[in-house]
Amino acid sequence: MKLDSQRPEERPEPRPPLSSCSSSSPSGQAEGSALTAPVWIFGYGSLVWRPGFEFTSRKVGFIRGYSRRFWQGDTFHRGSEKMPGRVVTLMEDCGACTWGVAYEVRGEQVAASLQYLNVREAVLGGYDTKFVEFYPQEKDVEEPILALVYIATPQNPSYLGPASEEDIAAQIIVSSGCAGHNIEYLLRLADFMRYFCPQAEDKHLFSIEEALTSILPCLYYTEESLEETASVPQKSKG
């Protein structure tokens with residue numbers, strides 16, 4: 001099962017396998033940045049297909065030293081207080097890389113984008129800010145770019161933590177919020193990885209997608225069976 005997603009005009013050329021990574025990246029808060037200078041913002045969840053702010057340019061690429069995990073709860077965008085959704089955060093992982101999109105904002109875009117993301121990611125999502133080194137996919141870029149990223153740590157109240165792929169998929173199936181169904185979030189992220197980063201691996205993401213697609217036919221079958229049962233005339237007794 002797949003939802004329609006934006007496709008690139010041309011698929012990127014495959015990149016050689018990534019080597020082991022280091023997590024020694026500078027950290028800091030967005031408020032300390034000079035607003036007159038360009039700022040890069042790295043997205044690895046819904047930001048890859050729906051940034052929600054104006055930007056000057058964008059690049060597909062990766063950061064080192066982190067793994068993407070569906071361990072953050074969401075009671076607003078993709079879930080509710082009664083049924084929290086599951087969205088991604090980053091966990092420190094020395095040998096890992098996480099692929100996503102970095103957006104360059106300049107001038108008035110800087111303050112506007114940071115104000116918007118503060119509400120979307122920090123206030124409503126429980127995420128904190130940090131600076132990381134972003135490596136663009138383009139081969140002609142030699143130096144990494146310092147980028148702002150939003151990370152939900154285990155200390156935030158919405159953090160759910162680890163669970164099996166099957167349990168995460170089951171929770172995603174029944175969760176929906178103001179931004180849409182949690183299923184859409186999962187499938188759009190999986191589509192982004194397939195079409196923009198076909199050379200990269202994300203076992204956690206694709207295992208959850210596989211678990212979800214294995215459950216959905218069972219749900220559809222149950223619903224159809226109930227509808228068929230309801231439409232069959234019942235014989236009266238007595």
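**Exercise 1. Determine which residues R69 contacts beyond its neighbours within four places in sequence, and place R69 in its strand.**

Solution. Begin with the contacts: taking contact to mean heavy atoms within 4.5 Å, and leaving aside neighbours within four places in sequence, R69 is in contact with V87, V88, T89, M91 and H204. This comes from a predicted model, in which local features need pLDDT of at least 70 and side-chain atom pairs count only at pLDDT 80 or more, while totals for chains, interfaces and linings use all residues. Residues are numbered from 1 along each chain as its sequence is written, and side-chain values use heavy atoms, with hydrogens and water left out.

Next, take one of these partners, V87, which is 18 residues from R69 in sequence and 7.9 Å from R69 in space, C-alpha to C-alpha. R69 itself lies in strand 2 (residues 57-74), where helices (H or I, at least four residues) and strands (E, at least two) are DSSP runs numbered from the N terminus. Finally, R69 counts as partly exposed because its relative accessibility is 22%; buried means under 20% relative accessible area, exposed over 50%, and partly exposed in between, with a 1.4 Å probe and protein chains only.

**Exercise 2. Describe how strand 2 pairs with strand 3 and with strand 4, and decide how far strand 2 is enclosed.**

Solution. Two strands pair if DSSP finds at least two bridges between them. Strand 2 and strand 3 run antiparallel and are joined by 15 bridges, and within strand 3 the bridge partner of R58 is Y103. Strand 2 also pairs with strand 4 (residues 128-136) in the antiparallel sense, over three bridges, with F62 standing opposite Y135 in strand 4. As for enclosure, 13 of the 18 residues of strand 2 are buried, so strand 2 is largely enclosed by the rest of the structure.

**Exercise 3. Give the strand order of the closed barrel, and find how strand 1 pairs with strand 5.**

Solution. The closed barrel has five strands in the order 1-3-2-4-5, with mixed pairing. Strand 1 (residues 39-43) and strand 5 (residues 145-151) pair in the parallel sense over two bridges, and V149 in strand 5 is the bridge partner of F42.

**Exercise 4. Explain why the buried residues of helix 2 line one face.**

Solution. First list them: in helix 2 (residues 165-173), I168, A169, I172 and I173 are buried. Seen down the axis of helix 2, these buried residues fall within an arc of 135°, so they line one face of the helix; the arc is that of the directions from the helix axis to the C-beta atoms. In general, an α-helix has 3.6 residues a turn, so residues three or four places apart point the same way.

**Exercise 5. Characterise the aromatic pair of W49 and Y185, and say which parts of the chain the pair ties together.**

Solution. Rings of Phe, Tyr and Trp (its six-membered ring) pair if their centres lie within 6.5 Å, and planes under 30 degrees apart count as stacked, over 60 as edge-to-face and the rest as tilted. The structure holds ten aromatic pairs. One of them, W49 with Y185, is edge-to-face, at 5.8 Å centre to centre and 75° between the planes. Since W49 lies in the loop between strand 1 and strand 2 and Y185 in helix 3, the pair ties together parts that are 136 residues apart in sequence. W49 counts as buried at 18% relative accessibility, and Y185 counts as buried at 5%.
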